[in-house]
Amino acid sequence: VQLQAFGGGVVQAGGSLRLSCAASGRTIASYGMGWFRQAPGKEREFVCGLSKSGSRTYYADSVKGRFTISRDNAKNTVYLQMNSLKPEDTAVYYCAADERVVGMSVVASRAYEYHYWGQGTLVTVSS
C-alpha cells in the first residue's frame, strides 16, 4: 500500500487543521492506521492510532481531547482532525499502516509495528 499525507500548513495557536492520508494499492480496511510526528531536533513520536476494525483508538497524552483520528474506507483515506493547536504541535506529521495479523481491535502505538509510511506533511503552529 502507498500512503500520501497532505493537509499541513500554517495555523495560529488555538486553530484547527485536518490532515488526510490517502492510500492506494490496497484498501486501508486491511490495516490498523496511525499518525506520528517529528519536531525539529526531536525523535519521531506516536500521536494516535486506529484499529483495523475502526472501533478502537489510542491517543498520546499530549493530544488527547484535542485530536481525533478517523477513517473512511470508501474513500480509502484516514484523517487526523486537530483542534486547539499549540506551538508544540509543530512537526512533520506522518501516517502509517500496520499490516500485522492481529486482532481487529488492536491499536499499534510503536513505530516498529507499522510497515508502511507516507511522506509526511508539515504543520506549523504560530503563537
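K52 lies in the loop that runs between β5 (45-50) and β6 (57-59). In this predicted model, K52 has a relative accessible area of 16% and is therefore buried, the cut-off for buried being under 20%. Apart from neighbours within four places in sequence, K52 makes contact with A29, S30, Y31, G32, R71, R100, V102, M104 and V106. One of these partners, R71, belongs to the covered face of β7. Y114 is 62 residues away from K52 along the chain, and the C-alpha atoms of the two are separated by 12 Å.

**Overall form**

The protein chain contains zero helices and eleven strands. Read along the sequence, the pattern is β-β-β-β-β-β-β-β-β-β-β. The C-alpha trace spans about 40 × 25 × 25 Å along its principal axes. A compact globule of 127 residues would have a radius of gyration near 14 Å, and the protein chain has 13 Å, so the value agrees with that expectation.

Of the 127 residues, 45% count as buried. The accessible surface of the chain comes to about 6,300 Å², and carbon and sulfur atoms hold 48% of this area. Among contacts with a separation of 6 or more, 60% are between residues 24 or more positions apart.

**The four-stranded sheet**

An open sheet is built from four strands in the order β1-β3-β8-β7, with antiparallel pairing. The strands β1 (2-6) and β7 (67-72) are at the edges; each has a single partner strand, so one side of each is left without a neighbour in the sheet. From one strand to the next, the twist averages 15 degrees. Strands of a sheet pair through backbone hydrogen bonds, in either a parallel or an antiparallel manner.

Strand β3 (residues 17-24) is joined to strand β8 (residues 77-82) by six bridges, and the two run antiparallel. Within this pairing, S20 has Y79 of β8 as its bridge partner. Six bridges also join β7 to β8, again in an antiparallel arrangement. Here D72 stands opposite T77 in β8.

The edge strand β7 has two unlike faces: F67, I69 and R71 make up the covered face, while T68, S70 and D72 make up the uncovered one. With β8, β7 forms a hairpin that has four residues between the strands, and N76 sits in the turn.

**Positive phi values**

Most residues other than glycine have a negative phi. Two residues listed below depart from that pattern, N76 with a phi near 55 degrees and S84 with a phi of about 50 degrees. N76 is in the loop between β7 and β8, and S84 is in the loop between β8 and β9. Their burial is set out with that of two other residues discussed in this report.

| Residue | Relative accessible area | Class |
|---|---|---|
| C48 | 0% | buried |
| K52 | 16% | buried |
| N76 | 14% | buried |
| S84 | 41% | partly exposed |

N76, at 14%, is buried because its value falls under the 20% limit. S84 counts as partly exposed because 41% lies between the limits of 20% and 50%.

**Cysteines**

A search of the whole structure finds one disulfide. This bond joins C21 to C95, with an S to S distance of 2.1 Å. The torsion about the S-S bond is about 65 degrees, so the disulfide is right-handed. The pair links distant parts of the chain, since C21 is in strand β3 and C95 is in strand β9 (residues 91-98), 74 residues apart. Both C21 and C95 are buried. A disulfide is a covalent bond between the sulfur atoms of two cysteines.

C48 takes part in no disulfide. The cysteine sulfur nearest to C48 is that of C95, which is 11 Å away. That distance is beyond the 2.5 Å within which two cysteine sulfur atoms count as a disulfide. C48 is also buried, with a relative accessible area of 0%.

Note on methods. Residues are numbered from 1 along each chain as its sequence is written. This is a predicted model: local features need pLDDT of at least 70, side-chain atom pairs count only at pLDDT 80 or more; totals for chains, interfaces and linings use all residues. Side-chain values use heavy atoms; hydrogens and water are left out. Two strands pair if DSSP finds at least two bridges between them. Axes are lines fitted to C-alpha atoms, for helices over the stretch in contact, and angles run from 0 to 180 degrees between N-to-C directions. The radius of gyration is taken over C-alpha atoms; the globule rule is 2.2 Å times the number of residues to the power 0.38. Buried means under 20% relative accessible area, exposed over 50%, partly exposed in between (1.4 Å probe, protein chains only). Contact means heavy atoms within 4.5 Å. Accessible areas come from the Shrake-Rupley method with a 1.4 Å probe; for residues, only the protein chains shown count as cover.
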